[in-house]
Amino acid sequence: MHLTETIMWILFNVFVLGMLALDLGVFHRKAHEVKFKEAIIWSVVWIVLALIFNLLVYFWHGTQAAVEFLTGYLIEKSLSVDNIFVFLMIFTYFGVKPMYQHKVLFWGILGAIIMRAIFI
């Protein structure tokens with residue numbers, strides 16, 4: 001792996017961790033119930049960030065890599081829809097109040113990232 005690629009991976013990971021910190025530390029500092037409108041807005045924000053990243057991939061690595069990223073992103077997005085139902089079932093079973101659901105999901109995502117990093 002070239003030094004440039006290593007630096008890009010480090011920057012990417014710092015960006016992702018920064019976005020997670022910004023999400024929980026600034027935008028969702030106080031626990032509150034996430035309403036439909038807020039959920040839609042945040043979904044659009046994250047999708048736009050992914051599309052901007054896709055443009056960077058396009059300019060950095062070309063059409064093939066950009067199409068591969070976009071294809072993977074769309075597949076992952078469609079597969080994540082079933083997770084919503086699983087989360088709803090778990091939250092209902094354990095009686096997690098709507099105001100705490102975002103924080104629980106956040107820590108679950110962070111835990112998944114850490115576990116993947118350990119196993120990789």
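**Close-up 1. Helix α2 gives the largest share of a nonpolar surface patch.** In this predicted model, seven residues of the nonpolar patch come from α2, which is the largest share. The patch on the surface is formed by Trp9, Phe12, Phe36, Ile40, Val44, Val48, Ile52, Phe53 and Leu56, and together these residues have about 870 Å² of accessible area. The elements that give two or more residues to this patch are α1, which spans residues 3-27, and α2. One of the patch residues, Phe12, is found in helix α1 and counts as partly exposed, its relative accessibility being 30%.

**Close-up 2. Five aromatic residues are linked into a cluster by ring pairs.** The members of this cluster are Trp9, Phe12, Phe53, Phe69 and Tyr73, which are joined to one another through pairs of rings. Trp9, Phe12 and Phe53 also appear among the residues of the nonpolar patch, while Phe69 is in addition one of the residues in contact with Asn54.

**Close-up 3. Asn54 is a buried residue of helix α2.** The helix that holds Asn54 covers residues 36-61. With a relative accessible area of 11%, Asn54 is classed as buried, because the cut-off for that class is under 20%. When its neighbours within four places in sequence are left aside, Asn54 is in contact with Ala66, Phe69 and Leu70.

**Close-up 4. Trp42 and Trp46 form a stacked pair within helix α2.** The count of aromatic pairs in the model comes to nine. In the pair made by Trp42 and Trp46, the ring centres are 6.0 Å apart and the planes stand at 25°, so the pair is stacked, the cut-off for stacking being under 30 degrees. Because these two tryptophans are four residues apart in helix α2, about one helical turn separates Trp42 from Trp46. Trp42 counts as buried at 19% relative accessibility, whereas Trp46, with a relative accessible area of 33%, is partly exposed.

**Close-up 5. Phe106 and Trp107 meet edge-to-face.** The centres of the rings of Phe106 and Trp107 lie 5.2 Å apart, and their planes are at 85°, so this pair is edge-to-face, a class that takes planes over 60 degrees apart. Phe106 is buried, with a relative accessible area of 7%, but Trp107 counts as partly exposed at 48% relative accessibility, a value that falls short of the exposed class because that class begins over 50%.

Conventions
Residues numbered from 1 in each chain as written. Predicted model: local features only at pLDDT ≥ 70, side-chain atom pairs only at ≥ 80, totals over all residues. Heavy atoms only, no water. Buried < 20%, exposed > 50% of the residue type's maximum accessible area, 1.4 Å probe, protein only. Contact = heavy atoms within 4.5 Å. Phe/Tyr/Trp six-rings, centres within 6.5 Å; stacked < 30°, edge-to-face > 60°. Patch = residues over 30% accessible without salt bridge, like charges linked within 9 Å, V, L, I, M, F, W, Y side chains within 5 Å. Areas by Shrake-Rupley, 256 points an atom, 1.4 Å probe, with all protein chains shown as cover. Salt bridge = Lys/Arg side-chain N within 4 Å of Asp/Glu carboxyl O.
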